[in-house]
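Please open the model in your viewer and keep the selection tool at hand. The stops below say what to select next and what is there.

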Amino acid sequence: MKKFLPWIIVGILVIGLFLKGKGFYNEVIVQEEKIEEQWSKVESSYQLRTDLIPNLMKVAERYAEYEQETFKMVTEARSKATSIQIDPSNITPEQLEQFKKVQSSMTSALSRLLAVFERYPDLKANENYKELMNSLDRVEKRIKVERDRFNESITPYNNLVRQFPNNILASIFGFDKRERFDAVDGADQGVDINDYRSDN
């Protein structure tokens with residue numbers, strides 16, 4: 001019996017390591033799925049904002065027909081924002097940085113557009129315009145919420161893959177630390193619709 005004891009110990013260790021590795025791997029997959037699901041909500045929120053812009057410009061064109069340069073700038077920013085496609089299962093820091101930059105440009109263009117609209121009282125009195133502004137306000141709030149939730153979904157994953165001895169298993173399986181969506185300076189507030197409303 002004693003001669004089999006080392007093999008029994010080795011067998012127990014192998015089974016223990018297998019179970020630990022299996023449990024770790026499966027938990028990481030669950031966390032990755034949560035991150036990917038939350039990222040899709042971030043993208044969806046930004047898409048809602050992008051979808052509102054043509055309607056906003058269409059309503060405004062009748063009142064602000066001399067603002068073609070601003071309209072062109074917003075259209076170009078919108079085109080760049082919609083051209084970025086990110087695979088949620090493999091978000092690299094470079095992709096995230098590119099996404100942040102184009103969304104920041106979209107925010108700046110939209111802020112400039114709303115500042116231009118402030119010069120047109122008839123436009124601000126238009127019911128369609130008011131409804132679009134309310135929709136934009138709701139979307140901006142949703143963007144912030146979903147972005148924050150995405151960042152929150154990153155924390156348990158990063159904790160899981162960076163703690164010892166999980167970091168060894170993470171290295172073996174190829175799981176790396178994920179980057180958070182830290183907005184560029186000034187973009188974390190989004191577009192404050194109230195800044196462009198004289199009736200507040």
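Throughout this tour, contact means that heavy atoms lie within 4.5 Å. This is a predicted model, in which local features need pLDDT of at least 70 and side-chain atom pairs count only at pLDDT 80 or more, whereas totals for chains, interfaces and linings use all residues. Residues are numbered from 1 along each chain as its sequence is written, and side-chain values use heavy atoms, with hydrogens and water left out.

**Along helix H1**

Begin by selecting Ala 60, which lies in helix H1; helices (H or I, at least four residues) and strands (E, at least two) are DSSP runs, numbered from the N terminus. Ala 60 has 0% relative accessibility and therefore counts as buried, a term that stands for under 20% relative accessible area, with exposed for over 50% and partly exposed in between (1.4 Å probe, protein chains only). If neighbours within four places in sequence are left aside, Ala 60 is in contact with Phe 71, Phe 117 and Leu 123. Add Asn 126 to the selection: its C-alpha atom is separated from that of Ala 60 by 9.2 Å, although the two are 66 residues apart along the chain.

Move next to Gln 31, whose place is also in helix H1 and which counts as buried at 8% relative accessibility. With neighbours within four places in sequence again set aside, Gln 31 is in contact with Pro 156, Tyr 157 and Leu 160.

Then select Ile 12, another residue of helix H1. Is Ile 12 buried or exposed? With a relative accessible area of 55%, Ile 12 is exposed. A distance drawn between the C-alpha atoms of Ile 12 and Asp 148, which are 136 residues apart along the chain, should read 43 Å.

**The nonpolar core**

Now select Trp 39, Leu 56 and Phe 117, the residues that touch the most other members of the largest nonpolar core, which has 47 residues. Such a core is a set of buried Ala, Val, Leu, Ile, Met, Phe, Trp, Tyr and Cys residues joined through side-chain atoms within 4.5 Å. The elements that give two or more residues to this core are helix H1 (5-61), helix H2 (68-83), helix H3 (93-117), H5 and H6, and the largest share, 12 residues, comes from H1.

Stay with Trp 39 and show its surroundings: not counting residues up to four places away in sequence, Trp 39 touches Ile 86, Pro 88, Ile 91, Leu 96, Phe 99, Phe 150 and Phe 181.

**Aromatic rings**

Which residues do ring pairs link into a cluster with Trp 39? The cluster holds Trp 39, Tyr 46, Phe 99, Phe 150 and Phe 181. Rings of Phe, Tyr and Trp (its six-membered ring) pair if their centres lie within 6.5 Å, and planes under 30 degrees apart count as stacked, over 60 as edge-to-face and the rest as tilted.

A search of the whole structure finds 13 aromatic pairs. One of them is the stacked pair of Phe 24 and Phe 173, with 6.3 Å centre to centre and 20 degrees between the planes. Since Phe 24 lies in helix H1 and Phe 173 in helix H6, this pair ties together parts that are 149 residues apart in sequence. Phe 24 counts as buried at 3% relative accessibility, whereas Phe 173 counts as partly exposed at 37%. Add Phe 175: the rings of Phe 173 and Phe 175 have their centres 6.1 Å apart and their planes at 50 degrees, so this pair is tilted. Phe 175, at 10% relative accessibility, counts as buried.

**Helix H5 and the turn to H6**

Select Ile 154, which is found in helix H5 and is buried, with a relative accessible area of 0%. Not counting residues up to four places away in sequence, Ile 154 touches Ile 35, Arg 178, Glu 179 and Arg 180. Ile 154 and Glu 32 are 8.6 Å apart, C-alpha to C-alpha, and 122 residues apart in sequence.

Follow the chain to Pro 165, which is found in the loop between H5 and H6. A cis peptide bond, with omega about 5 degrees, joins Phe 164 and Pro 165.

Finally, select Leu 160, Val 161 and Arg 162 in H5, which meet Asn 166, Asn 167 and Ala 170 in H6. By class, this contact of H5 with H6 has three nonpolar, two polar and one charged residues, where Ala, Val, Leu, Ile, Met, Phe, Trp, Tyr, Cys and Pro count as nonpolar, Asp, Glu, Lys and Arg as charged, and the others, Gly among them, as polar.
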